Every structure is written in C-alpha cells, then in structure tokens.
Amino acid sequence: MTRLTGSALRVTIFIGENDVWHHKPLYSEIVHRAHKAGLAGASVFRGVEGFGASSLIHTSRLLSLSEDLPVAIVIVDTEDRVRDFLPQLDELVGEGLVTLDACEVIRYVGREMKA
C-alpha cells in the first residue's frame, strides 16, 4: 500500500473528452499509465463547460450541447515520482494544458483489500 503524507506535487492535465490515444480515450490511457508507474492515485473529472487555446466554448447545456467536454486528470504523488512521469505526458498530450502545483497531503488512506 502506498503511503503519502507531507509535501507532494499535483499534476493536472486538461484535455478534451474526445481526445484519443490509439483508439481509446486519452484520459483512460493517462490513468492506466499512472497506475502502471505506481503513482499514488489519479482521478478524472468531466467539466460542464470550458474553453482552451482554441477559444471554442464547450458546454453541456442542452441548447448548445457539446460532445467534447473538458476533462481534467489530477495526479498527486511525491515530486520525484510525478516528475519521472512527465515524459509520458509529453508523449501523450498533443493538445491540452499540463500544470504542476506544490501541495501538502494531510491524509491518504486506501481501502482494505478483502480476501
């Protein structure tokens, strides 16, 4: 079980819901690679509205329903582990935004695995 408390680094990747990597959702590929790399955790959040470098607004409102809503993938781990993972993001993220923020982990507790 991964233990993580104290100083950490948060990487947030902003992409589109329809972005793909080898015919599968890009957000899924990022999460699976983070898992394979042994990072502490990754979560995907689907936005209801947003825009990026293209300045095209994507929204979930009915009258202007978009099929490419914004997605944010958030990963938190030690600085070394996150920085070691960044080259994979360079490979995967062709269009989007990747940010790094220093953070402090107060509590990180996983579920007990059932036998």
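Which residues of the largest nonpolar core touch the most other members? Hi everyone, let's start there, keeping in mind that this is a predicted model. The core holds 18 residues, and those with the most contacts to fellow members are Val11, Ile13, Ile15, Ile30, Ile73, Ile75 and Leu89. Two or more residues each come from β1 (6–16), α1, β7 (70–77) and α2 (79–92). Of these, α2 supplies the largest share, with five residues.

Have a look at Ile73 in particular. Leaving aside residues up to four places away in sequence, Ile73 touches Val11, Thr12, Ile13, Ile15, Tyr27, Ile30, Val31, Ser43 and Val44. Apart from the largest core there is another one, made of five residues, including Ala8, Ala40, Cys103 and Val105.

Now let's step back to the whole chain. The protein has two helices and eight strands, and from the N terminus the order reads β-β-β-α-β-β-β-β-α-β. Among contacts with a separation of 6 or more, 76% join residues 24 or more positions apart. Of the 115 residues, 31% are buried. The accessible surface is about 8,200 Å², with 53% of that belonging to carbon and sulfur atoms.

Last stop, friends: the second largest pocket, with about 150 Å³ of space. Ten residues line this pocket, and His35, Leu39, Ala40, Gly41 and Ala42 are the closest to its centre. Helix α1 (residues 26–36) gives the most to the lining, three residues. What is the make-up of that lining: nonpolar, polar or charged? The split is six nonpolar, four polar and no charged residues. Thanks for listening!

How values were computed:
Residues numbered from 1 in each chain as written. Predicted model: local features only at pLDDT ≥ 70, side-chain atom pairs only at ≥ 80, totals over all residues. Heavy atoms only, no water. 1 Å grid on protein atoms, 1.4 Å probe; cavity = no way out; pocket = protein on both sides within 12 Å on 5 of 7 lines; lining within 4 Å. Points joined across faces, edges and corners; volume = space filled by probe spheres on them. Helix = DSSP H or I, 4+ residues; strand = E, 2+ residues; numbered from the N terminus. Nonpolar A, V, L, I, M, F, W, Y, C, P; charged D, E, K, R; others polar. Core = buried A, V, L, I, M, F, W, Y, C linked by side-chain atoms within 4.5 Å. Buried < 20%, exposed > 50% of the residue type's maximum accessible area, 1.4 Å probe, protein only. Contact = heavy atoms within 4.5 Å. Areas by Shrake-Rupley, 256 points an atom, 1.4 Å probe, with all protein chains shown as cover.
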